[in-house]
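Me: Could you take a close look at one part of this model for me? I'd like one glycine and its helix first, then whatever else helps me place it.

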Amino acid sequence: MWGRVVEIMTAVWLAASPFIFGVQSDVTILWGDFSIALSIAALAGLSYWRPTRHAHLLTLLVAVGLVLWGRFANTPAPPAHQNHIVIGLFLMMIAIIPNDASMPPRVWQVPPPK
């Protein structure tokens, strides 16, 4: 489940980034980053519950949206939008990691037949 923890940490960074990049006066970026960060954290949190264990895969859609927003919002992209592109690409890598990636293979977990 370490991938979900990294997604939540990335959501915290995204929520803090408008203040770090000094664009908190731009309401679109501020509330856009807050809402996207909340959705990333919610999807990562839902992945801890067994019936919705694949919810983290929806983070791929959010990540693609971040990359597109960062690339096509302004040309050339200011640092805040470059941050969106990097976060989106990073989330694409992390979102495909399975929840049980740190567990040994299932074959190793089953005791051998006697």
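Reply: Sure, let's start with Gly-88, which sits in helix 4. Keep in mind that this is a predicted model. Is Gly-88 buried or exposed? Its relative accessibility is 0%, so Gly-88 counts as buried, the cut-off being under 20%. As for where Gly-88 lies relative to helix 1, take Ile-20 as a marker: the two are 68 residues apart in sequence, and their C-alpha atoms are 18 Å apart in space.

Next, Ile-87. This residue also belongs to helix 4, which covers residues 79-95. With a relative accessible area of 5%, Ile-87 is buried because that value falls under the 20% cut-off. How far is Ile-87 from Leu-66 in space? Going C-alpha to C-alpha, you get 7.5 Å, although 21 residues separate the pair in sequence.

Now over to helix 1, which takes in residues 2-20. Phe-19 is part of helix 1, and at 46% relative accessibility it counts as partly exposed, since that value lies between the 20% and 50% cut-offs. From Phe-19 to Ile-85 is 66 residues along the chain, with 17 Å between the two C-alpha atoms.

Further back in helix 1 there's Ile-8. Its relative accessibility is 31%, so Ile-8 is partly exposed as well. Ile-8 is also one of the residues in a nonpolar surface patch, together with Val-5, Met-9, Val-12 and Tyr-48. Taken together, the patch has about 460 Å² of accessible area.

Helix 1 has some charge pairing too. Glu-7 makes a salt bridge with Arg-4, and their closest N and O atoms are 3.2 Å apart. Why are they about one helical turn apart? Because Glu-7 and Arg-4 are three residues apart in helix 1. Both Glu-7 and Arg-4 are buried. If you're after the total, the salt bridge count comes to one.

Since you'll probably want to know about pockets, here's that part. The largest pocket has a volume of about 290 Å³. Its lining is made up of 13 residues, and those nearest the centre are Arg-50, Arg-53, His-54, Asn-99 and Asp-100. Sorted by class, the lining has five nonpolar residues, along with four polar and four charged ones.

So, back to where you began: Gly-88 is in helix 4 and counts as buried, at 0% relative accessibility. Ile-87 in helix 4 is buried too, at 5%.

Technical notes:
Residues numbered from 1 in each chain as written. Predicted model: local features only at pLDDT ≥ 70, side-chain atom pairs only at ≥ 80, totals over all residues. Heavy atoms only, no water. Patch = residues over 30% accessible without salt bridge, like charges linked within 9 Å, V, L, I, M, F, W, Y side chains within 5 Å. Areas by Shrake-Rupley, 256 points an atom, 1.4 Å probe, with all protein chains shown as cover. Salt bridge = Lys/Arg side-chain N within 4 Å of Asp/Glu carboxyl O. Helix = DSSP H or I, 4+ residues; strand = E, 2+ residues; numbered from the N terminus. Buried < 20%, exposed > 50% of the residue type's maximum accessible area, 1.4 Å probe, protein only. 1 Å grid on protein atoms, 1.4 Å probe; cavity = no way out; pocket = protein on both sides within 12 Å on 5 of 7 lines; lining within 4 Å. Points joined across faces, edges and corners; volume = space filled by probe spheres on them. Nonpolar A, V, L, I, M, F, W, Y, C, P; charged D, E, K, R; others polar.
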